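Biologist: Please take a close look at one part of this assembly, the place where one chain touches its neighbour and the nonpolar core associated with it.

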Amino acid sequence: MEETLTREQLLDMYYYMKLTRMVEERLQRLYRQGKIVGGLYRSLGQEGESVASAYALEEGDFLAVMIRNLGALFVRGVRPWEVFTQYMGKGTSPTRGKDNIVHFGSVERGIIPPISHLGDLIPVMAGIALASKMQRKRSVALTYIGDGGTSTGAFHEGLNFAAVLKLPLIVIAEDNGYAYSTPKHKQMAIENIADRAIGYGIFGETVDGNDVIAVYHATRRAVERAREGLGPTLLEVKTFRMRGHAEHDDAWYVPRELLEYWQKRDPILRLETYLKEHGMADETDFEAITHRIEQEIEADLQYAEQSPMPDPRIALEGVYAETPSVSEVAPLPREHAVRTRS
Amino acid sequence: MPVLTYLEAIRQGLWEEMERDERVFLLGEDIGVYGGAFKVTEGFLERFGEERVIDTPISEAAIVGAAIGAALVGLRPVAEMQFIDFISIAFDQLTNFAAKCRYRWGAGVPIVVRGPCGGGVHGGPFHSQNVEAYFFHTPGLKIVEPATPYDAKGLIKAAIRDEDPVLYFEHKYLYRRIRGEVPEGDYIVPIGKADIKRLGRDVTILTYGWMLHKSLEAAEIVAQEGIEVEVVDLRTLLPLDDETILSSVAKTGRAVIVHEDTRTGGIAGEIAMRINERIFEYLEAPVVRVTAPDTPIPFSPPLEEFFLPQVEEIVQAVRWVANY
Amino acid sequence: MKVEVIMPQMGESIAEGTVTKWLKRPGDYVRRDEPLFEISTDKVDAEIPSPAEGVLAEVLVHEGETVPIQTVVAYIETDKEAVEAPPREVSERAATEAVPPREPAPEPTRAVPPTTEPSPMREIILPPHPWEKQKQEIRITIPAERAERKAVRSSPVVEKLAQEYGIDLTQVEGTGRGGRVTKRDVLRYLEERAAHPSEVRPQPVEAPSPEAPELETPLYPPYLPGERVEIVPMSVMRKKIAEHMVYSKRVAPHVTTFFEIDMTRVSRLREQLQPDFEQRHGIKLTYLPFIIQACVSALKAFPLLNASVAEDKIVYKKDINIGIAVALEWGLIVPVIKNADALSLVGLAKAVHDLATRARNKQLKPEEVQGGTFTITNPGVFGSLFGTPVIHQPQVAILGVGRITKRPVVVEDDAIAIRAMAYFSLSFDHRLIDGAIADQFMAHIKRTLESFELTGV
């Protein structure tokens, strides 16, 4: 019996989606102002599936994002200043400048950072799920993979491993149409990634990734399945990458018609419509949320801009346990809390 | 004191750690029901159960990846590579994930990846390799290779207790051919410490694994000629024990590095460079090395014998530096 | 014939097996491949089939016994005639390699070092290099006396120089790191020594002869008691020259061959080039550069003359370093043009001029009188027609150039012409060089000079 999402929960998810979009818009401006070190990878159009899937987790569960799942991080309690400092390479970033973009996290917060090599997270999250099972904990492990990433050997090995051992692992496969410039039909000979679930002997499902309610419920089902010991789920979300691979890529290779098609199905737009249609919220509510987000962003951005760059000597630290680890060099300057589902 | 084979010592170390700490568990191919291709883990499944002795699919990347995940949340996995040659499939997980977590986000990855290395058993190119050089280059990893039963038990315990990822190489030729006294009960051989297996005065041999035993043989031969060789068993390849290595070579002034691994890019080059850049003034002769040639490992016995460093070569190298 | 039944190797790393059960008794008949006995190893228990058909004659290893692989456990007596058993080389080797010692292999023990009492140790801290980012001090512990010896440590190059020149490094002031003696320090020391020869030991003209002849009571005393004489001590250089000449004649059987060479063409070329040359380079163009080029060409063609004798080995020198004997007021010195084959005519002229000038001004560096592989001497400059020069050790040949004089000679068609002629004499070491080679070498020089081609001055 599926629970119904309350108004508060829906507005919560709305908040996180807007936060994601507005933070990324800000990052884009900063990028063009030359204030960002390295590249910028946006998740425009995909905010819904990231937020909704992460929203279905509980405290104690583990999350591992990829580059286009910023929304999931916010749901789990990450704040904008952490993202800004990561992009700027500041000494106050969660990794002290050791790594960039969303490559940060901590076991205490239940957030496992990715590496750039695609697919590698899946065996690792399988291992976390294995530990959960061995420790008789109810916690599940959830991670994401793009259509491109499903082609890797690590994806296959990790999923098969989790399947055989019936581990509480959820893999959200995001079919967003493109892996850099490679369209899906050059990546795989099938239409739906979830079809592969049969091959692994696990549960698979395909949902509309831009429908946050559908994604939320599908993820809840997968989470419950995992907690009951029924093994992994390969949950495919259909969505679309509305910008290029990164800010330096203008995605000229994507047909205009596709973009127009998906523009109409924007997740934020759809949730606004749903809320309005069900009399749960109106423009003033949305504006209030937007306003709140603007203030949060301003405050966090100011903090990030005023933060110093890292002490160069930190480059030598944290290689082994015997050398001081990153968090020991300087305490985290700000509090962060693990947000749970209200 | 009990006398065990090298393999029995490893088994005993693993067993004691599994008894001592319930967070320790094993995963790998054919380690449970079959007891491991070389029977290292024989009896473990019966004693510790399926949950702690996991027979996995053939997925070295997933085996190591899962070990990493489990270690991140507090367990102490020991992953087996059936032959260490297959570790190449897990290269990415080891060098890009395990080695970098602490550096990037302060999280330790206390895994052990163990497996049989080395030749001498007509295993051919894919069952006889020494893979330390591929990982030696990766900051964040540790590498150990015991040569005696005593060190084997002590080092597997140390590896399991270490907070960072440790690669534990067991030389398959030594498994049942080397016996030695192994204390009962708990003891550690510290990681990062070399051991002087034979005190000497004229020439230092720096070596590890099977080559330790060949070096000791060589030392006995040249002792007849009045050359007293000091044989240093590195035991830990990464991080190298600079103090012991440099003290010994500064004392004798002559160094011969012996390893079974091939020549170019083998760790002898790194060791020789450390000697050169710090204690050049103490050298009486160039630092030389005895290694396998730069080829894949051949299969047929006469070819493999030619390939592997032999006692005679070590003797010649020692004489050369001694008479320089 | 007896066929061996052996303990098989049931897997890699298996070194031994236990006979658990004999399925046949001695005297029983067994067919080939019929199960003969059972074994147990670390990896597997197995039934072993008989290798041959016959009677189980003798059982050497009984139930419950453990033996190394390849051990003969029994014999089967077949009724076939004994055939040459194929050599089991490979398996034999496997057996010797695979057989572990029955007793536990001795745990590697620590051999007690030969010294009877423990030497005092000293701890030394090795600092990191200033450019290193991972500043790492390494602490080593070594016997104290090793640490002390380090005071005179220098480098292999310096050690070699010291040995060659007979220098006691402890006497040389070291300006290197921590008081190390550098190569520059040694060269400076040598210069000072050369400048004040009376103060120090003999200055070598070039690499000292390995064996200096012993001074023994002369058979013919240089002067008799009562004879009116003035005794003047020989200069160091004189002594050295004397020693060298005796030595050279002693070790190398000298043979000298003489060639008459028409230098007219060279002479004309020289006249042609001379004015421009002098204007552009400020020095005179002599015959020597031409002669050196001809020698270089000939040495390339006959590398045996650019060599040395090392007991029973020939040491071919890869570099062509031409020594030019320079007469000094106080003696004789032979500066060397290194890699003469790389120099043009101009280069050679300059080198000759430079070396000769500095030789006369005592400004030569030690390395400039070392390393020659062939020498040219010029007795002609003082009027000699031809000489029999002494080979400059450790070389194997020396070319003497006589005076160039205009003489009537018979040319083509029996005509008589006035030509600038010179006698060239080559003294060579007959241990290594035979007359034929020497003459061919000289013929080459003759041809080169008589038809000299300017190849880029």
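Modeller: The account below begins with the chain, then turns to its contact and to the core. This is a predicted model, in which local features need pLDDT of at least 70 and side-chain atom pairs count only at pLDDT 80 or more, while totals for chains, interfaces and linings use all residues. Residues are numbered from 1 along each chain as its sequence is written, with chains lettered from A and ligands numbered from 1 in the order in which they are written.

Chain B contains 12 helices and 14 strands, taken as DSSP runs numbered from the N terminus (helices H or I, at least four residues; strands E, at least two). Of its 324 residues, 66% count as buried, that is, with 20 or more other C-beta atoms within 10 Å of their own, C-beta atoms being placed from the backbone.

The contact takes 36 residues from chain A and 32 residues from chain B; two residues are in contact if their C-beta atoms lie within 7 Å. On the side of chain B that touches chain A, helices H3 (60–72), H4 (91–98) and H5 (101–105) of chain B each supply at least two residues, and H3(B) gives the most, with 9 residues.

The largest nonpolar core (buried Ala, Val, Leu, Ile, Met, Phe, Trp, Tyr and Cys residues joined through C-beta atoms within 7 Å) has 204 residues, of which A:Met125, A:Ala126, A:Ile128 and B:Val318 touch the most other members. H3(B) provides the largest share of this core, 10 residues. Leaving aside neighbours within four places in sequence, A:Met125 is in contact with residues including A:Phe62, A:Leu169 and B:Gly69.

How values were computed: Buried ≥ 20, exposed ≤ 12 C-beta atoms within 10 Å, placed from the backbone.
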